[in-house]
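Hi there,

Here is the structure I promised to pass on. Please have a look at it before you read my notes underneath.

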Amino acid sequence: MAGEPQDDCLFCKIVAGTIPATIVRETDTTVAFRDINPQAPTHILVIPKAHYKSAAVLGVEAPQLAADVLAETQAVADEEKLESYRTVFNTGSGAGQTVWHAHAHVLGGRGMQWPPG
């Protein structure tokens, strides 16, 4: 069920504290942690504590929580002293989503190209 922790979800396990992560920020509704396979000098994931399978589902079913995730991307960028950064939501396997828990990538610390992929 959407919003409920999933036993087989890596990010739900990070939220629960059963899998370690380098957490950089935490609020009542979100957790931000460093990506284990960074694609930029700064690469931090911001996730809702509640489980939603993708950013699309999160936006429809919990728009305030989606706003919380997006607001935390700015807070992360501020703490990391990023003058500019990219926020990425991959939705679906064809777009590169590999963990089925909504999450935003905050990427910075180097120039970004366009188009991205």
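Below is what I found, starting with the whole chain and then moving to single residues.

Please keep in mind that this is a predicted model, and that the values here are computed from it.

**The whole chain**

The protein chain contains 3 helices and 5 strands. Reading along the sequence, you will meet them in the pattern α-β-β-β-α-α-β-β. The C-alpha trace spans about 40 × 30 × 25 Å along its principal axes. For 117 residues, a compact globule would have a radius of gyration near 13 Å, and the chain agrees with that, because its own value is 13 Å.

Of the 117 residues, 38% are buried. If you take the contacts with a separation of 6 or more, 53% of them join residues 24 or more positions apart. The accessible surface of the chain is about 6700 Å², and carbon and sulfur atoms account for 52% of that. As for charge, there are 8 positive and 13 negative side chains, and the centres of these two sets lie 7 Å apart.

**The aromatic pair**

How many aromatic pairs does a search of the whole structure find? The search gives 1. This pair is formed by Phe11 and Phe33 in an edge-to-face arrangement, with 5.4 Å from centre to centre and 75 degrees between the planes. It links distant parts of the chain: Phe11 belongs to helix H1 (residues 10-16) and Phe33 to strand S2 (residues 30-34), 22 residues apart.

Are these two rings' residues buried or exposed? Phe11 has a relative accessibility of 4%, so it counts as buried, the cut-off being under 20%. Phe33 has a relative accessible area of 3%, so it is buried too.

**Ala21, a contact of Phe33**

Ala21 sits in the loop between H1 and S1. Leaving out neighbours within four places in sequence, Ala21 is in contact with Ile14 and Phe33. Its relative accessibility is 30%, and therefore Ala21 counts as partly exposed. The C-alpha atoms of Ala21 and Gln74 are separated by 20 Å, with their positions 53 residues apart along the chain counted as the sequence separation.

**Ser54 and Ala66**

Ser54 lies in the loop between strand S3 (42-48) and helix H2 (55-61). Which residues does Ser54 touch, not counting those up to four places away in sequence? They are Thr91, Gln97 and Ala102. With a relative accessible area of 5%, Ser54 is buried, because the limit for that class is under 20%.

Ala102 turns up again in a distance to Ala66: the two are 36 residues apart in sequence and 9.1 Å apart in space, C-alpha to C-alpha. Ala66 itself is part of helix H3 (residues 63-79). With residues up to four places away in sequence set aside, Ala66 touches Leu58 and Gly59.

**Asp28**

Asp28 is another loop residue, found between strand S1 (23-26) and S2. Where buried means under 20% and exposed means over 50%, Asp28 counts as exposed because its relative accessibility is 76%. The C-alpha atoms of Asp28 and Lys49 are separated by 8.1 Å, and these residues are 21 apart along the chain.

Happy to talk any of this through with you.

Best wishes

Note on methods. Residues numbered from 1 in each chain as written. Predicted model: local features only at pLDDT ≥ 70, side-chain atom pairs only at ≥ 80, totals over all residues. Heavy atoms only, no water. Helix = DSSP H or I, 4+ residues; strand = E, 2+ residues; numbered from the N terminus. Buried < 20%, exposed > 50% of the residue type's maximum accessible area, 1.4 Å probe, protein only. Contact = heavy atoms within 4.5 Å. Rg over C-alpha atoms; globule rule 2.2 N^0.38 Å. Areas by Shrake-Rupley, 256 points an atom, 1.4 Å probe, with all protein chains shown as cover. Lys, Arg positive; Asp, Glu negative; His and termini not counted. Charge placed at Lys NZ, Arg CZ, Asp CG, Glu CD. Phe/Tyr/Trp six-rings, centres within 6.5 Å; stacked < 30°, edge-to-face > 60°.
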